[in-house]
Amino acid sequence: IFLCVDHVGFAVPDMDEAIKLHTEVFGWHVIFRGKNEEQGVEEVMLGTNRHDFTDRDAEIQLLAPLSEESTIGKWLAKNGGRGGIQQVAYRVADVEKAAEVLTSRGVKMLYDAPKHGTYGSRINFCHPKSTGGVLLELVERPADPEGFL
Ligand code: V0V
């Protein structure tokens, strides 16, 4: 079902501090910064800066809450205000098909239909109660990522 790991999502209490850490110390490059109001997040995607950069590389996603009541706001509160790994995202070719297959195998999907994700991707999530405790996201990237990267 899965093509590869699309990204790993870190919940962060302070976006600017997190960007500084992951770029200046770890050497990642900011390739996208934006807000997803529906998900209640400010997000930054970190990638490599190789000359042959393609959208096939797995990325790191920094997620800061837009409000205390948002998913990330609640996650941080539960984690004592500290950041950490909030999710792992698997890239799929067809998010509806993948959700259908996983549902038939007993996985509980969060949404009946895909929602909008980074770069115009289509996303859904597997509830952590049916994945052994890890919030797994399914990401179908847009056919043409030009203009986003
Ligand atoms: C909660 N739980 C988690 C978890 N969040 N377990 C693993 N990883 C997480 N991230 C556990 C929690 O410990 C509880 O277990 C149980 O689930 C219920 O927790 P809760 O605090 O009551 O939380 P809920 O139910 O309010 O919310 C949990 C769900 C929520 C998964 C439903 O986080 C959600 O809707 N996530 C999907 C959306 C999302 O994560 N958006 C932000 C990223 P016990 O204590 O009962 O055992 S946006 C994004 O990724 C974008 C835009 C993108 O990639 O394009």
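The following exchange goes through the ligand shell, helix H3 and the nonpolar cores of a predicted model.

Biologist: What makes a residue part of the shell around the ligand, and which are the closest?

Modeller: The cut-off is a C-beta atom within 6 Å of the ligand. The shell holds 27 residues, and the closest are Gln39, Gly117, Thr118, Pro128 and Leu135. H2 supplies the largest share, 5 residues.

Biologist: How many residues of each class does the shell around the ligand have?

Modeller: There are 11 nonpolar, 12 polar and 4 charged residues. Gly counts as polar.

Biologist: Why are the buried residues of H3 said to line one face of the helix?

Modeller: Buried requires 20 or more other C-beta atoms within 10 Å. In H3 (residues 95–104), Val95, Ala98, Ala99 and Leu102 are buried. Seen down the axis of H3, they fall within an arc of 100°, so they line one face. On the other side of H3, Lys97, Glu100 and Ser104 are exposed. The cover over the buried residues includes E5, E7 and strand E8 (136–140).

Biologist: What makes a set of residues a nonpolar core, and which members of the largest one touch the most others?

Modeller: Its members are buried and joined through C-beta atoms within 7 Å. The largest core has 13 residues, and Ala11, Val12, Leu46, Leu62, Leu63, Ala64 and Ile72 touch the most other members. E3, E4 and H2 each give two or more residues to this core, with E3 giving the most, 4 residues. A second, separate core of 12 residues includes Ala89, Ile123, Cys126 and Val139.

Notes:
Residues are numbered from 1 along each chain as its sequence is written. This is a predicted model: local features need pLDDT of at least 70, side-chain atom pairs count only at pLDDT 80 or more; totals for chains, interfaces and linings use all residues. The arc is that of the directions from the helix axis to the C-beta atoms. Two residues are in contact if their C-beta atoms, placed from the backbone, lie within 7 Å.
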